[in-house]
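Here are a few exercises to work through with the model open beside you. Try each task before you read its solution.

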Amino acid sequence: MTDRRVKVGNSDLEVFPLVLGGNTFGWTSDEATSRKVLDEYVEAGGNFIDTADVYSAWAPGNAGGESEIILGRWLAVRSNRDKVVVATKVSEHPQYKGLSHDNVIAAANESLLRLGTDVIDLYYAHFDDKNTPLEETAAAFDELVKAGKIRAIGLSNYTADRIEEWFRIAREHGYALPVALEPHYNLVARGNYERTLAPVAARENLAVFPYFSLAAGFLTGKYRSAADAEGTARQGMVADYLIADGFALIDALDAMAKAHDTAIATVALAWLRHRPQVAGPIASARTPEQLPALLDSVSLDLAADEIATLDKASAPFAK
């Protein structure tokens, strides 16, 4: 599968077209399980891991940075840092909120320590900080590039207008330009990305790595009725999809999955991989057993008529 690696925008980074999400490390996956997931992902040809300094501060007993620590220990034990592309993010860690110059620099240094590395391959501004001038944030990221502490810049959860403003500022001052975009995008969350973000991504050659690729599990087919989600941890996250249009989409995915003798999640991820500018969806595996369905999406090439079928079935979510 390694021959399917793709270039990250205008950078020199080349990555596997399925990104392993690190949000489960130290949360729903303990360290031993996280290492097994990482091992199997890499053995299958994967080389791109996406985490954030805030993962997983929301879990009881966690302070943030747990995912980076687990990933850093695994990199040290496996001695494979030069073979793995690491992405992490800044702005949401409880001790490093926002995107002021000093905060970005301090948070990056802390991430480097937790990851046990001297460079972050792709560093994202996790959420826009309207309280800090974009000029200040863009300057901080450029400073990190020039210092050799990060290789490339990514933006996550930014509006199209703010992305365009970042590029304007960067060009005006000669700063390093962003190369990647991490938006919320999947078959049941199409409208905002396709209407506003996709044109900017195409214009600026941003590699797009969608998160929530499987819509909190809805696009695995595990919820075939509203009752299936009742009392589950993700009930609130999937509530908007538990409607006739959502179940009709699952039926279309199911039929296609059966035709390919694969999982529904595999087809949903393959559809994303076929979208313009998408370099690879981000997907997390709580256990090694969940990995095959994700990895199989890399080699599933959907025909034009199959893509059209899914486009039509998901059209109600493209508004």
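**Exercise 1: a buried charge**

Glu306 is buried (under 20% relative accessible area, with a 1.4 Å probe and protein chains only), yet Glu306 has no salt bridge (a side-chain nitrogen of Lys or Arg within 4 Å of a carboxyl oxygen of Asp or Glu). The nearest side chain of opposite charge, Arg273, sits 9.9 Å away; here Lys and Arg count as positive, Asp and Glu as negative, and His and the chain ends are not counted.

A word on the ground rules: this is a predicted model, where local features need pLDDT of at least 70, side-chain atom pairs count only at pLDDT 80 or more, and totals for chains, interfaces and linings use all residues. Residues are numbered from 1 along each chain as its sequence is written, and side-chain values use heavy atoms, with hydrogens and water left out.

*Task.* Which side chain does Glu306 join in a polar contact?

*Solution.*
1. Find Glu306 in helix α12, residues 304-313; helices are DSSP runs of H or I with at least four residues, numbered from the N terminus.
2. List what Glu306 is in contact with (heavy atoms within 4.5 Å) beyond four places in sequence: Met256 and His260.
3. Pick out His260, whose side chain makes a polar contact of 2.6 Å with that of Glu306. The term means a pair of N or O atoms within 3.5 Å; within protein, one must be able to donate a hydrogen and the other to accept it, and residues adjacent in sequence count only if both atoms are side-chain atoms.

**Exercise 2: the faces of a helix**

*Task.* Why do the buried residues of α12 line one face of the helix?

*Solution.*
1. Mark the buried ones in α12: Glu306, Ile307, Leu310 and Ala313.
2. Look down the axis of α12: these buried residues fall within an arc of 125 degrees (taken from the directions from the helix axis to the C-beta atoms), so they line one face.
3. Check the other side of α12, where Ala304, Asp305 and Lys312 are exposed (over 50% relative accessible area).
4. See what the buried residues of α12 pack against: α9 (244-260) and α10 (264-273).

**Exercise 3: a loop tyrosine**

*Task.* Which side chain makes a polar contact with the side chain of Tyr211?

*Solution.*
1. Go to the loop between β11 (207-208) and α7 (226-229), where Tyr211 lies; strands are DSSP runs of E with at least two residues.
2. Scan the contacts of Tyr211 beyond four places in sequence, among them Ser156, Asn157 and Ile282.
3. Settle on Asn157, whose side chain is the partner at 2.5 Å.
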